[in-house]
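Morning, everyone. Please pull up the model on your screens, and I will walk you through it.

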Amino acid sequence: MKIFKTLSLAAAALVVLACGNNAQKAKEAAEREKAIADSIAQAEIAAKEASFEEFFATLPEEPVFDMTTNMGTIKIQLYAQTPLHRKNFAKLAYTGFYDGLLFHRVINGFMIQGGDPNTKDPEKVNEYGKGGPGYTVPAEFVPEYTHIKGALAAARQGDEANPLRESSGSQFYLVQDAGTCAQLDGAYTVYGKTIQGLDVIDKIAAVGTNARNLPLSPVKIISVKLDPACLPAAE
């Protein structure tokens, strides 16, 4: 009987060990697949970046982009007098940087914020709002570009850490309430406006959120693409 129990325990130990090995192998396989997928994605981005200048040269002074979300489409026109932000947003859109990102900070009666690459990874939820492409954009304050409803503006770090008020390389917000956002005029770069889809901004602003203003149900940017209708008509 003791020998049988010993053999049973040994067999059980082997089963546990085998399960552990299988789990480890599955984890390693998943990591390899992710590394391959990331490598392919980086290669695609690099290829698009290489052709961006040619694409950008075709754009009008104030191009229009369609930001398609799972709650509707917001049509945004970029301003001519904020060239650094205009070109940066166009590049991020062209390379697909924004595709799949979330609106991670939503405050009804104020604004909706997105553009953080960390939001692609649910395991980085505590890092939402801290990510970007690894660079900032110099401030471009233009007095007539104010926080009207639907204004597109750049998020940034606070004045203490960022005395030059440089913009985040990718994070942006869309104004839902002009009155409460008026205090931000001259302090955050406004570089575009919503020309269609103000109702979508209102819908997003109205979603339920947690204590950190993160929507309880994900609000996702499906894509940001140039609206071909804004291009000059071919002669």
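One definition before we start: contact here means heavy atoms within 4.5 Å. Keep in mind that this is a predicted model.

Let's begin with Leu184. Find the loop between α3, residues 178–181, and β9, residues 190–196; Leu184 sits there. What does Leu184 contact, once neighbours within four places in sequence are left aside? The partners are Phe110, His147 and Tyr173. Is Leu184 buried or exposed? Its relative accessibility is 14%, so Leu184 counts as buried. Look at Ala153 as well. Ala153 is 31 residues from Leu184 along the chain, and their C-alpha atoms are separated by 9.8 Å.

Now another loop residue, Val125. Its loop runs between β4, residues 111–114, and β5, residues 136–137. Val125 has a relative accessible area of 28%, so it is partly exposed. Not counting residues up to four places away in sequence, Val125 touches Arg212 and Leu214. From Val125 to His104 is 9.2 Å, C-alpha to C-alpha, with their positions 21 residues apart in sequence.

Next, helix α4, residues 198–205. Which of its residues are buried? They are Val200, Ile201, Ile204 and Ala205. These four cover an arc of only 140° around the axis, so they lie on the same side of α4. What do they pack against? A list of strands: β1 (64–69), β2 (72–78), β3 (103–107), β4, β8 (172–175) and β9.

Stay on α4 for its salt bridge. Asp202 pairs with Lys149, and the closest N and O atoms are 2.8 Å apart. This pair links distant parts of the chain: Asp202 is in helix α4, Lys149 is in the loop between β5 and β6 (151–154), and they are 53 residues apart. Lys149 has 31% relative accessibility, so it counts as partly exposed. Asp202 is partly exposed too, with a relative accessible area of 30%.

How many salt bridges does the structure hold? Six. Here are two others. Asp66 bridges to Lys75, with the closest N and O atoms 2.7 Å apart. Lys75 also meets Asp227, at 2.9 Å, N to O. That second pair joins distant parts of the chain as well: Lys75 is in strand β2, Asp227 is in the segment after β10 (221–226), and their positions lie 152 residues apart. Shared partners join Asp66, Lys75 and Asp227 into one network.

Why do we call these three residues buried? The cut-off is under 20% relative accessible area. Asp66 has 17%, so it is buried. Lys75 has 16%, so it is buried. Asp227 has 12%, so it counts as buried.

Last topic, empty space. Rolling a probe the size of a water molecule over the atoms shows where such space is left. How many cavities of 30 Å³ or more turn up? One. The largest cavity holds about 50 Å³ of space. Which element gives the most to its lining? Helix α2, residues 83–94, with three residues. The lining includes His85, Asn88 and Phe89. Also among the lining residues are Tyr98, Val137, Ala154 and Tyr191. Then add Ser168, Gly169, Ser170 and Gln171. By class, the lining has five nonpolar residues, six polar ones and no charged ones.

That's my tour. Questions, please.

Conventions:
Residues are numbered from 1 along each chain as its sequence is written. This is a predicted model: local features need pLDDT of at least 70, side-chain atom pairs count only at pLDDT 80 or more; totals for chains, interfaces and linings use all residues. Side-chain values use heavy atoms; hydrogens and water are left out. Helices (H or I, at least four residues) and strands (E, at least two) are DSSP runs, numbered from the N terminus. Buried means under 20% relative accessible area, exposed over 50%, partly exposed in between (1.4 Å probe, protein chains only). On a 1 Å grid over the protein atoms alone, a cavity is a set of points where a 1.4 Å probe fits but cannot get out, and a pocket is an open set with protein on both sides within 12 Å along at least five of seven lines; lining residues have an atom within 4 Å of a point. Grid points are joined across faces, edges and corners, and a volume is the space filled by probe spheres set on the points. Ala, Val, Leu, Ile, Met, Phe, Trp, Tyr, Cys and Pro count as nonpolar, Asp, Glu, Lys and Arg as charged, and the others, Gly among them, as polar. The arc is that of the directions from the helix axis to the C-beta atoms. A salt bridge is a side-chain nitrogen of Lys or Arg within 4 Å of a carboxyl oxygen of Asp or Glu.
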